[in-house]
Each structure stands twice: as C-alpha cells, then as structure tokens.
Amino acid sequence: DKVIEILQSYQKTDTFEIPLKQEANEEMVQSRVNTLTNQKHAIQQSSLIQNMINHSILNISPSGNTQDYIEFGCGKAEFSRYLNQVILLSTESKDARPITYHLIDRASNRMKFDTKIISDTQEITKQSKIKPHIDRIKIDIKDLKIDTQLNNDRTYVALSKHLCGVATDLTLRCIVNNSLLKQKLDGICIAMCCRHVCSANDYINPEHIKSILKEYDSDLTYVQFFTCLTKICSWATNGRRSDMNSTDIVEVTPTISMTIEERESLGLVARKIIDTGRLQWVKQNISEYSHLIRYVDKSISLENVALLVH
C-alpha cells in the first residue's frame with residue numbers, strides 16, 4: 001500500500017517520457033519481415049538494428065574499425081544472425097570482413113543459429129573464404145571475464161534482445177569491470193524485459209531508488225521498496241484477459257482497488273523507475289550519450305524498452 005501511494009504521487013510529477021522510435025531496416029524488411037506470417041519478432045529485431053545504425057552504434061563503413069559483437073543472454077543467437085545479415089547486405093561483397101560473434105548464455109540451447117550465421121555469410125558474400133568466427137561461451141554473466149576473449153585491434157558492440165531481469169544489471173556491471181571491453185566499446189543495445197525477476201542486491205543503481213524514498217520521506221527500506229517495485233512491474237504486462245475492459249475494477253491489495261488501466265499505468269511507472277536508474281548509472285559510468293527508447297509500439301510487444309549507448 002505504501003509503495004502504491006509513492007508511485008501514484010511520483011506519476012503526477014514525473015515529466016520524463018521514453019520516446020517511441022519504431023524504425024524499420026530496409027534490408028531486413030525485404031529479406032525477412034515481408035516473408036513471415038507472424039512478423040512481431042522480426043519487426044522488433046528490425047527496429048533495434050535500425051536504431052543501432054541511426055545512433056552510429058553499428059559501423060558498416062569499409063573504412064571504419066573492425067567491429068565484433070557480444071550478445072549477452074543470446075539463447076539461440078537469432079538476434080546476432082539477423083544483425084549479421086543486415087551488416088552483410090549493407091556492405092559491398094568486396095568489403096566484407098570476418099566478424100567474431102561472442103555468444104554468451106548460461107543455458108545449453110538447442111536449434112542454435114551458430115552455423116546459420118556462417119552459411120548466411122557465405123551465401124550473401126559469395127565468398128567461401130569470408131567466414132565469421134563463433135565464440136559461444138556457456139557461463140553465467142556474473143562470472144564472465146570477457147576481456148580474455150577480446151583483441152586490442154577490434155572494437156565491440158554489446159547487444160541483447162530481451163535480456164531478462166537481473167541479467168541486464170549483471171551485463172552493465174560486466175562491461176564496466178572488463179577494462180579492455182570498456183575501452184574498445186563502440187556502443188550498447190539492450191532490449192530489457194522481466195523486471196519482476198530483478199534483484200535488489202544486484203540492481204545497478206540502489207542510490208536512485210533510495211533517493212525516491214528520501215524524496216517521499218518514506219519509512220520503507222530499499223529492499224522493501226525495490227521488491228514491491230518488481231512485483232508491480234508485472235502489472236504492465238500481465239493480468240488483462242481478452243474479456244476485460246480498461247475500466248474494469250480489480251482488487252490489487254486487500255485495501256486498494258483500481259481500474260485495469262490504472263493498474264497497468266502503475267506497472268509502467270514501476271518499470272520506468274528501474275530503467276531510469278539504469279540509464280543514470282550508464283551515463284555516469286559508461287557514456288553520457290545514452291538513451292531509453294520504446295523501440296516498438298505496445299501492440300507489437302509490451303516489453304518494448306531498450307537502452308542505447310554510443
């Protein structure tokens with residue numbers, strides 16, 4: 001109840017808007033989006049990739065540095081596969097260069113796209129000698145010392161599509177704690193999700209949360225407030241069935257009821273508080289050229305906020 005009261009007050013004075021920047025990468029639209037019946041994942045990937053290009057994170061110029069890619073929480077590495085396709089389709093075949101993809105995940109994934117990245121490269125470039133290197137690392141991000149895998153003559157982009165909960169915080173900390181990666185970093189693109197599995201102990205910017213408690217003179221502890229935030233975040237993405245209307249009343253605690261729309265709105269506020277804390281930390285510790293964007297409309301995905309750093 002106390003957290004809901006804080007969020008309702010915060011919502012009234014909060015002026016920070018996360019802009020909608022749904023972009024479409026032309027190469028990906030032609031090669032993939034238009035060929036699919038269910039286009040939602042492809043639309044998300046297309047927008048993230050084009051936003052990376054628009055923010056000068058991707059370097060597809062033949063005269064630029066040799067750029068490699070680190071996909072955190074990569075799963076099957078589908079995002080890296082289509083990123084690779086866009087890079088190759090945007091580059092003259094004669095300028096194509098071998099790329100290394102460092103694929104980080106703690107799980108053993110079936111149906112991986114690792115070999116597809118290689119075959120795509122040879123098919124698009126028509127050059128069998130151009131072969132990307134796939135460096136798949138099975139490890140928890142919190143234990144990763146990625147500098148041991150990197151080269152001083154390359155630059156790097158850290159990326160992820162739907163990096164779940166605490167994994168976003170662990171990734172940002174990993175980037176800062178690996179000095180070679182931080183020094184050679186061209187940019188970051190992380191599409192975040194699942195704030196309900198964030199951890200108070202691992203969250204990257206506790207001071208941001210504590211400052212809100214101080215502003216509202218609350219007697220809640222940091223852990224109490226943050227834990228409630230993670231629960232309320234799920235209201236932004238869960239709980240509306242097809243037979244529900246925005247004006248339907250729901251009981252959210254034994255003493256508080258609100259409409260479905262109000263509940264979803266509070267979920268978005270809780271989510272934004274967690275994400276803006278991350279943004280502040282990144283601006284202080286990695287680059288001031290950092291942004292939060294909504295990379296697709298909520299009709300495409302309710303988990304639609306990405307962190308871009310360049």
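**Notebook: aromatic rings and cysteines**

Y203, Y222 and F226 form one aromatic cluster. I note that the model is a predicted one.

Entry 1, ring pairs. I searched the whole structure for aromatic pairs and got three. For Y203 and F226 I read a centre distance of 4.9 Å and an angle of 40° between the planes, so I logged the pair as tilted. This pair links distant parts of the chain, with Y203 in the loop between β5 (185-193) and α8 (206-215) and F226 in helix α9 (residues 222-233), 23 residues apart. I then looked up Y222 with F226: the centres are 5.8 Å apart and the planes are at 40°, so this pair is tilted. Y222 and F226 both belong to helix α9 and are four residues apart, about one turn of the helix.

Entry 2, burial of the rings. I found F226 buried at 0% relative accessibility. Y203 is buried, with 1%, and Y222 counts as buried at 12%.

Entry 3, charge over a ring. I found K210 over the face of Y222, at 5.7 Å from the ring centre.

Entry 4, cysteines. Which disulfides does a search of the whole structure find? I found zero. Why is C164 without a bond to C194? The sulfur of C194 is the closest cysteine sulfur to that of C164, but the distance is 3.5 Å, too far for a bond; the cut-off is 2.5 Å. C233 is in no disulfide, and its nearest cysteine sulfur, that of C198, is 6.9 Å away. I also checked exposure: C164 is partly exposed, at 36% relative accessible area, whereas C233 is buried, at 4%.

Technical notes
Residues numbered from 1 in each chain as written. Predicted model: local features only at pLDDT ≥ 70, side-chain atom pairs only at ≥ 80, totals over all residues. Heavy atoms only, no water. Buried < 20%, exposed > 50% of the residue type's maximum accessible area, 1.4 Å probe, protein only. Phe/Tyr/Trp six-rings, centres within 6.5 Å; stacked < 30°, edge-to-face > 60°. Helix = DSSP H or I, 4+ residues; strand = E, 2+ residues; numbered from the N terminus. Lys NZ or Arg CZ within 6 Å of the ring centre and 35° of its normal.
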